[in-house]
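Here is a friendly walk through one structure, with an eye on its salt bridges and its inner space. Have the sequence and the model open as you read.

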Amino acid sequence: MQRFKLYLQLIRWDRPAGTYLLLWPTLSALWLAAKGFPGWHLLGVFAIGSFFMRSAGCALNDVADRHFDRHVQRTAQRPVTIGAVSVKEALFVAAFLALGAFGLVCTTNTLTVAWSVGALLIAVVYPFTKRFFAMPQAVLGIAFSVGIPMAFASVQNMVPLDAVLWLIGNLFWVLAYDTQYAMVDRNDDLQIGIRTSAITLGRFDVAGVMCFDGLSLLTWMLAGSLQPMGWPFYLALLVSGGMMIWHYTMIRFRSREGCLKAFSKNHWIGLTILVGIIVDFAIQA
């Protein structure tokens, strides 16, 4: 049981916000692709698969960053960093979860399986981009958005233009909330030499976050016009915009507590948009 508790800590079981940030956009894409309820099979595949892949990503990230994490206040006590979980154990957990997710995807179609291979490669590469790429959050954005074309592929066996727009909008949103997250660790990251969007943007970090948020809303609005979506969806976007302004009040002074709080609240934006889409199609039915 003690080992199992460490594995739960490794995959951030007690901090599900990251899973929600991956799950809500993916489920939104499922509803959009199916123009309503996608069926229990696909719902289960993508819900469980999102949890598995986010958990596997956490384990991989901890292995890749173990020598950096000990110098960062927020991450110094992670299981791999302190040696409570070995590198081999963490990689085994990551592989087990990734294989589980792949097994679920194999119950869909060939195109979705092909997209899943790309998603796995991005998830493996992402932790190492912090060493050389000025905005690794963009790579994370792709990793957290690949579920969108996969969802469309599983329903329609193709990836239409509006799916690409949903992906781009989600990429902007990930850039916004993960920059908030990077602002929490900026001082530590500067000392150890890790690159992040918060460091790259410098004094324009808050402006960058708001710009990314605004671009995500505009892109989703454009994507919604191609469906076309009704008033519940646009109401959800309006409410989401209000939440983004609320997050600005938390990050404008760049306090660690405020930035971390803003990041942790972002999943409510994804859930709001998902609910708007579900209600929209329910009314249209």
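R254 is partly exposed, with a relative accessible area of 35%; buried means under 20% relative accessible area, exposed over 50%, and partly exposed in between, for a 1.4 Å probe and protein chains only. Please keep in mind that this is a predicted model, in which local features need pLDDT of at least 70 and side-chain atom pairs count only at pLDDT 80 or more, while totals for chains, interfaces and linings use all residues. Residues are numbered from 1 along each chain as its sequence is written, and side-chain values use heavy atoms, with hydrogens and water left out.

The side chain of R254 meets that of D205 in a salt bridge, a term that stands for a side-chain nitrogen of Lys or Arg within 4 Å of a carboxyl oxygen of Asp or Glu. D205 lies in helix α13, whereas R254 sits in the loop between α14 (231-251) and α15 (256-265), 49 residues apart. Helices here are DSSP runs (H or I, at least four residues), numbered from the N terminus.

D205 is buried, with a relative accessible area of 0%, and also forms a salt bridge with R186. R186, in helix α11, is buried too, at 15%. A further pair, D185 with R74, links distant parts of the chain, 111 residues apart. D185 counts as buried at 5% relative accessibility, while R74 counts as partly exposed at 24%.

| Salt bridge | Closest N to O |
|---|---|
| D185 and R74 | 2.3 Å |
| R186 and D205 | 2.5 Å |
| D205 and R254 | 2.8 Å |

How many salt bridges does a search of the whole structure find? The search finds nine. Salt bridges that share partners also join R12, D62, D69 and R78 into one network.

Now to the inner space. A search of the whole structure finds one cavity of 30 Å³ or more, where a cavity is a set of points on a 1 Å grid over the protein atoms alone at which a 1.4 Å probe fits but cannot get out, and lining residues have an atom within 4 Å of a point. Its volume, the space filled by probe spheres set on the points, is about 90 Å³. Among the lining residues are P25, W166 and I273. Helix α2 gives the largest share of the lining, four residues.

In α2, 16 of the 18 residues are buried. Just after this helix, K35 takes a positive phi of about 55 degrees.

Terms used
1 Å grid on protein atoms, 1.4 Å probe; cavity = no way out; pocket = protein on both sides within 12 Å on 5 of 7 lines; lining within 4 Å. Helix = DSSP H or I, 4+ residues; strand = E, 2+ residues; numbered from the N terminus.
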